[in-house]
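Here is a short set of exercises to work through with the structure open beside you. Try each task before reading its solution.

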Amino acid sequence: MSPVRVRRWLVLASACALGALALMAWQLFDPTVWPVMVAMSLGQVLGTASLAVFVYVFVADFRGRQRGEGDSNKTTE
Amino acid sequence: MTVLSSPLALIEVACAVLSAAILIAYIVFRPPLVHATKLWLLLGLGVFPIGAAFSGNVQGFEATKKREFCGSCHVMALHEADSDDRTSGSLASRHARNAMFGGENCYACHANYGMFGTVLTKAGGMRHVWLYLTEYRKTPIEEAKKTIRLQDPAEMNDNCMLCHSTQDPLWLKVPDHRALLEEERIGRVGCASEGCHGLAHPFFRGPDTPAAGAKP
């Protein structure tokens, strides 16, 4: 994964997580039906999605680095 | 700010603030993905949001027990107002004035009993949200008063008996209680009925009233 794509995914994940955190904070200050329901549904989905994107980027970056190291070892041999 | 008096609320706010600071810093500065950046992002996207979600969920579940929460759907506004009214003589209001119920009197009287009581109550609450969204969202209060009723009125006695045990000698001293013991236990005679302790809410339709095609 190119550094530009990595950055784009991580900015998206950060924005999702900020949205989730805002929803979770909203239900704290206005504990009525809709804020609580939205925080516990949409907030959870956004938060989980952001973490999933981070894990995906982390794994893709790790595998990319491993592949790069393998290629450089072959070139040296 | 009273909302931050709970330790869970403080944990949620602290986690949310720390996470937001890390994420905003990442969006603004966009550093290269080195080890330190990954570690900070793990905190900002993983550890702190999970902490905020966990404490927020517990806080949210606690909020669903409060009377303000139940009253935030407009069709329950009259019930909430009656419970808040310290001069009202309704069963709901009298229980709201009891320190053991207080602000959670709706939940205390309407929650299911038993091992899975909380889960069943929350599932029932989701059903209420669904019905509100699909049927009652635009229903005027005057119409709601005529149509909203309990799904299973016979079960309400069980909740009364959680505190008012039918084996308590004081309770059994009342001749009417003793005479109707079995009917009360199986819910055939409602504790909260006009012939006994009066309706729980002044606007409540008793179980004997025709349903008029309405859903609970």
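**Exercise 1.** Does Asn157(B) count as buried or exposed, and at what relative accessibility? Describe its surroundings as well.

*Solution.* Keep in mind that this is a predicted model.
- Begin with the accessibility: Asn157(B) has a relative accessibility of 3%, and the cut-off for buried is under 20%, so this residue counts as buried.
- Next, place the residue in the fold: helix α9 of chain B, residues 156–163, contains Asn157(B).
- Then list its contacts beyond four places in sequence: Asn157(B) touches Glu184(B), Gly187(B), Val189(B), Gly190(B) and Cys191(B).
- One of these neighbours deserves a closer look, since a polar atom of the Asn157(B) side chain lies 2.6 Å from the backbone oxygen of Val189(B).
- Finally, try a C-alpha distance: Asn157(B) and Cys109(B) are 9.5 Å apart in space and 48 residues apart in sequence.

**Exercise 2.** Which side chain makes a polar contact with the side chain of Ser93(B)? Add the setting of this serine.

*Solution.*
- Locate Ser93(B) in helix α5 of chain B, which covers residues 91–96.
- With a relative accessibility of 0%, Ser93(B) counts as buried.
- The polar partner is Arg97(B), whose side chain is 2.8 Å away from that of Ser93(B) in this contact.
- Setting aside neighbours within four places in sequence, the contacts of Ser93(B) are Asp82(B), Ser83(B), Asp85(B) and Ser88(B).

**Exercise 3.** How many residues does each chain bring to the contact between chain A and chain B? Characterise the interface.

*Solution.*
- Count each side: chain A brings 30 residues and chain B brings 40 residues.
- Turn to area: about 3000 Å² is buried between the two chains, with carbon and sulfur atoms giving 78% of it.
- Within chain A, the residues that lose the most area to chain B are Leu21(A), Leu28(A) and Phe54(A), together 20% of what that side buries.
- Now look for charge pairs: there is one salt bridge between the chains, and it joins the side chains of Lys38(B) and Asp61(A) at 2.9 Å, N to O.
- Polar contacts across the interface come to five residue pairs.
- Among the helices of chain A, α1(A) gives the most to the side that touches chain B, with 15 residues.
- By class, that side of chain A has 22 nonpolar, five polar and three charged residues.

**Exercise 4.** Which residues have the most contacts inside the largest nonpolar core?

*Solution.*
- The core has 22 residues, and those with the most contacts inside it are Leu10(A), Val57(A), Leu23(B), Leu33(B), Leu41(B) and Leu45(B).
- Helices α1 and α2 of chain A and α1 (7–29) and α2 (35–63) of chain B each supply at least two of the core's residues.
- The largest share, eight residues, comes from α1(A).
- Take Leu45(B) as an example: beyond four places in sequence, the residues it touches include Ala13(A), Leu51(A), Phe54(A) and Leu23(B).

**Exercise 5.** Where do the two partners of the salt bridge between Arg67(B) and Asp84(B) lie?

*Solution.*
- The side chains meet at 2.8 Å, N to O.
- Arg67(B) is in helix α3 and Asp84(B) in helix α4 of chain B, 17 residues apart, so the pair links distant parts of the chain.
- Arg67(B) is buried, with a relative accessible area of 9%, whereas Asp84(B) is partly exposed at 40%.

Definitions and conventions: Residues are numbered from 1 along each chain as its sequence is written. Chains are lettered from A and ligands numbered from 1 in the order in which they are written. This is a predicted model: local features need pLDDT of at least 70, side-chain atom pairs count only at pLDDT 80 or more; totals for chains, interfaces and linings use all residues. Side-chain values use heavy atoms; hydrogens and water are left out. Contact means heavy atoms within 4.5 Å. Buried area is the accessible area (1.4 Å probe) that two parts lose on being put together, summed over both. A salt bridge is a side-chain nitrogen of Lys or Arg within 4 Å of a carboxyl oxygen of Asp or Glu. A polar contact is a pair of N or O atoms within 3.5 Å; within protein, one must be able to donate a hydrogen and the other to accept it, and residues adjacent in sequence count only if both atoms are side-chain atoms. Helices (H or I, at least four residues) and strands (E, at least two) are DSSP runs, numbered from the N terminus. Ala, Val, Leu, Ile, Met, Phe, Trp, Tyr, Cys and Pro count as nonpolar, Asp, Glu, Lys and Arg as charged, and the others, Gly among them, as polar. A nonpolar core is a set of buried Ala, Val, Leu, Ile, Met, Phe, Trp, Tyr and Cys residues joined through side-chain atoms within 4.5 Å. Buried means under 20% relative accessible area, exposed over 50%, partly exposed in between (1.4 Å probe, protein chains only).
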